[in-house]
Amino acid sequence: MLEIGRDLEISINHNAIKGFLELCDEARGKGHMTIDLIQSRPFISYWPTLILNRYHEDKNDFLYSFWGSKLSSVYGMDLTGKYILRGEFKETENVFWTAHNDVMTSLKPAYLNTSIHWLDKEHQSFNAVIIPMERNDTITETIAYVAFDK
């Protein structure tokens with residue numbers, strides 16, 4: 001079974017994760033991230049490994065509303081328009097769902113780390129951070145930034 005570490009120092013202190021969060025802090029000030037902020041010029045370089053999720057209360061699930069192009073390339077699939085709890089990857093879906101749900105309820109970042117050595121020889125692991133995103137004055141979405149390591 002694939003092990004996914006949660007809130008590990010390796011992810012919290014990862015240079016790329018820290019850089020992304022610093023940019024978010026600068027862009028949002030005292031508020032939360034919004035779709036307008038994430039679509040602004042300073043974030044363009046992050047788009048290939050960004051994931052935007054929107055919570056759908058009627059399904060009690062998160063819809064991938066954006067799945068970055070590098071994620072599609074690395075994983076060989078585009079998950080835009082699909083839900084987290086699809087049943088394809090049961091061993092990991094609950095971990096991802098719980099992390100996104102925790103972020104929406106606590107409004108604090110969640111960090112993930114796992115090995116992906118089985119995917120290809122270029123990418124051996126990833127670190128990710130998930131943060132809340134506001135739309136229409138309500139937190140109903142999350143942003144995840146994934147940083148791949150060799």
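Two residues are in contact when they have heavy atoms within 4.5 Å of each other. Keep that in mind for this tour of a predicted model.

**Stop 1: the whole chain**

Start with everything selected. Among contacts with a separation of 6 or more, 49% are made by residues 24 or more positions apart. Colour by secondary structure and you'll find 5 helices and 7 strands. Starting at the N terminus, they come in the order β-α-α-β-α-β-β-α-α-β-β-β. The chain's radius of gyration is 14 Å, close to the 15 Å that the globule rule gives for 150 residues, so the chain is as compact as a globular protein of that length.

Now turn on a surface. The chain exposes about 8100 Å², with carbon and sulfur atoms supplying 51% of that. As for the inside, 41% of the 150 residues count as buried. The C-alpha atoms, taken along the principal axes, fill a box of roughly 40 × 35 × 25 Å.

**Stop 2: helix α2**

Select residues 15-28, which make up helix α2. From first C-alpha to last, α2 reaches 20 Å, close to the 20 Å expected at 1.5 Å a residue for its 14 residues. Show side chains next. Which residues of α2 are buried? They are Ile17, Phe20, Leu21, Leu23 and Cys24. These residues cover an arc of only 160° around the axis, so they sit on the same side of α2. Spin the helix to its other side and you meet Asn15, Glu22 and Glu26, which are exposed. Just past α2, click on glycine 29: its phi is positive, about 65°.

**Stop 3: helix α5**

Jump to residues 90-106, helix α5. This one has 17 residues and reaches 24 Å from its first C-alpha to its last, close to the 24 Å expected at 1.5 Å a residue. Highlight Thr92, Glu93, Trp97, Ala99, His100, Val103 and Met104, the buried residues of α5. Look down the axis: the buried residues fall within an arc of 160°, so they line one face of the helix. What do they pack against? Their partners are β1 (5-6), β3 (50-56), β4, β5, β6 and β7. On the face turned away from the buried side, look for the exposed residues Lys90 and Thr105.

**Stop 4: two unusual phi angles**

Most residues other than glycine have a negative phi. Here are two that don't follow that pattern.

Leucine 107 comes after α5 and has a positive phi, near 60°. You'll find leucine 107 in the loop between α5 and β5 (110-115). Is leucine 107 buried, partly exposed or exposed? Its relative accessibility is 38%, so leucine 107 counts as partly exposed.

For the second, select aspartate 137, in the loop between β6 (125-135) and β7 (138-149). Its phi is positive too, near 65°. Aspartate 137 is exposed, with a relative accessible area of 71%.

**Stop 5: the cores**

Finish inside. The largest nonpolar core has 22 residues, and Ile51, Leu112 and Val146 touch the most other members. The elements giving two or more residues to this core are β4 (61-67), α4 (69-75), α5, β5, β6 and β7. Zoom in on isoleucine 51: leaving aside neighbours within four places in sequence, its contacts are Tyr64, Phe66, Trp67, Leu71, Thr142, Ile143, Ala144 and Val146. Apart from this core lies another, of 18 residues, including Leu21, Met33, Ile38 and Tyr111. You've already met Leu21 among the buried residues of α2.

Notes: Residues are numbered from 1 along each chain as its sequence is written. This is a predicted model: local features need pLDDT of at least 70, side-chain atom pairs count only at pLDDT 80 or more; totals for chains, interfaces and linings use all residues. Side-chain values use heavy atoms; hydrogens and water are left out. Helices (H or I, at least four residues) and strands (E, at least two) are DSSP runs, numbered from the N terminus. The expected span of a helix is 1.5 Å times one less than its number of residues. Buried means under 20% relative accessible area, exposed over 50%, partly exposed in between (1.4 Å probe, protein chains only). The arc is that of the directions from the helix axis to the C-beta atoms. The radius of gyration is taken over C-alpha atoms; the globule rule is 2.2 Å times the number of residues to the power 0.38. Accessible areas come from the Shrake-Rupley method with a 1.4 Å probe; for residues, only the protein chains shown count as cover. A nonpolar core is a set of buried Ala, Val, Leu, Ile, Met, Phe, Trp, Tyr and Cys residues joined through side-chain atoms within 4.5 Å.
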